[in-house]
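Reader: I would like to go through this structure step by step. Please show it first.

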Amino acid sequence: MVTIFTLTGCQNHDVSESKLNNEKTNFNNTVSDIQYIESNADFYKNGVIFGRDKTMFLDFDTMEKTPLCAIPNCMHNNSNCLANIVGENPIIYNENIYYFSSIAGVEETSDGQKFYIDSKLMKTSIDSSETEIVTDFSDCMPNIPSYYVLKGNELFFTGNDMCPTEDEFGAISYSEVGGTHFLCSINIDTGEYTNYGSIYDGDKKYEMADSSSGANISGIYNNKMYIQYVFMKEDPKKLGIKPEENFTRVNFEFDFDTKKLTESSLPPALYMDNDIYAYPDDETNTTVVIDNDEKYIVPHYDLTSYTAKIINNKIFFSDLWYDLSDMTEHGYGEYNGYEIVTYYDDCYILINGGLNAKITEEELLALG
């Protein structure tokens, strides 16, 4: 039986209606048939979904941002507003918004304390705001924030068992970090849930793993999905180094046809799309970019943010960017701290929290 709710708590306020149903916003038209969804990269036709505390939609044509809520006259300032519920990376599919709702805790039973997980994939209609549970599961909690792959109607994500631990007095503690991490999928048309098992158990022999391990989908390359598993072997305080310098990273690839997860021969990536793969080279302290048959060596090495983006033959890091055609180094000038999100209508789209900007190629080059 499908459980159905109706969102009503945001109504009866005299403000303009959300622009989600604007004729210019077509959420069915995603970037590709395989969509990788991460922070500031939840793309649809002419905009992107972003934001943590309140989920917003940024229209690339107008550069206006509106809360991701289709309820007329909503003030978007209470816990019943959809924009305050769906989280950082909701998924739009067939005019519906999909998001996870999960809780974990300890309950008293006749046999003593028992740890539980209650995870649900929720579905809300953009047109009517009617909400239902697609499926529920109790073996793991989806990572938050999580990175997803939507391939057709199959939603892939990572989750963890919350590392429940019972002490000598019977008290149970749990955490989002550590424990066992799983690769999972849900057919969002049928609700069928699949847990493909533990991603990696090689870290279990290290004491620090239980307080440091994590796993997330890192992208799509050559029609395979990649998952990066991270953990610490030793306490960075004892080693006298920064935590980001102490992570061990293990790279896995998932074959969509065989449904097999194997350790990859490629180093963990900073960025990838189906044709491009970029990673930091620890031996040379550079960044290597593989673009089909081309290979670039970028004289930049930064493990602090462990992320990059490649757009228009340029590689953008958190603090600077390089033109791959001549390896010239450039800065962000007045847009320092912004993230280059994408290239749209001959302009670069930038986001920095609640701020945004749209600049041309000439304006980008003039920054420094």
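Reader: By class, how many nonpolar residues does the lining of the second largest pocket have?

Author: This is a predicted model, in which local features need pLDDT of at least 70, side-chain atom pairs count only at pLDDT 80 or more, and totals for chains, interfaces and linings use all residues. Residues are numbered from 1 along each chain as its sequence is written, and side-chain values use heavy atoms, with hydrogens and water left out. A pocket is an open set of points on a 1 Å grid over the protein atoms alone, where a 1.4 Å probe fits, with protein on both sides within 12 Å along at least five of seven lines; lining residues have an atom within 4 Å of a point. Ala, Val, Leu, Ile, Met, Phe, Trp, Tyr, Cys and Pro count as nonpolar, Asp, Glu, Lys and Arg as charged, and the others, Gly among them, as polar; the lining has 6 polar residues, 1 charged residue and 10 nonpolar residues.

Reader: Which strand gives the most to the lining of the second largest pocket?

Author: The lining comprises 17 residues, and those nearest the pocket centre are Ile-85, Val-86, Gly-87, Phe-100 and Ile-144. Strands are DSSP runs (E, at least two residues), numbered from the N terminus. With 5 residues, the one that gives the most is strand 8 (residues 96-109).

Reader: How far apart in sequence are the parts that Arg-52 and Glu-88 tie together?

Author: A salt bridge is a side-chain nitrogen of Lys or Arg within 4 Å of a carboxyl oxygen of Asp or Glu. Arg-52 and Glu-88 form one, with their closest N and O atoms 3.4 Å apart. Because Arg-52 lies in the loop between strand 4 (47-50) and strand 5 (56-59), and Glu-88 in the loop between strand 6 (65-67) and strand 7 (91-93), the pair ties together parts whose separation in sequence is 36 residues.

Reader: Is Glu-88 buried or exposed?

Author: Buried means under 20% relative accessible area, exposed over 50%, and partly exposed in between (1.4 Å probe, protein chains only). Its partner Arg-52, at 63%, counts as exposed. Glu-88 has a relative accessibility of 13%, so this residue counts as buried.

Reader: Which residue is linked with Asp-203 and Lys-204 in a network of salt bridges?

Author: The side chains of Asp-203 and Lys-204 meet in a salt bridge at 3.5 Å, N to O. Asp-203 is buried at 1% relative accessibility, whereas Lys-204 is partly exposed at 37%. The network joins these two residues with Asp-201.

How values were computed. Helix = DSSP H or I, 4+ residues; strand = E, 2+ residues; numbered from the N terminus.
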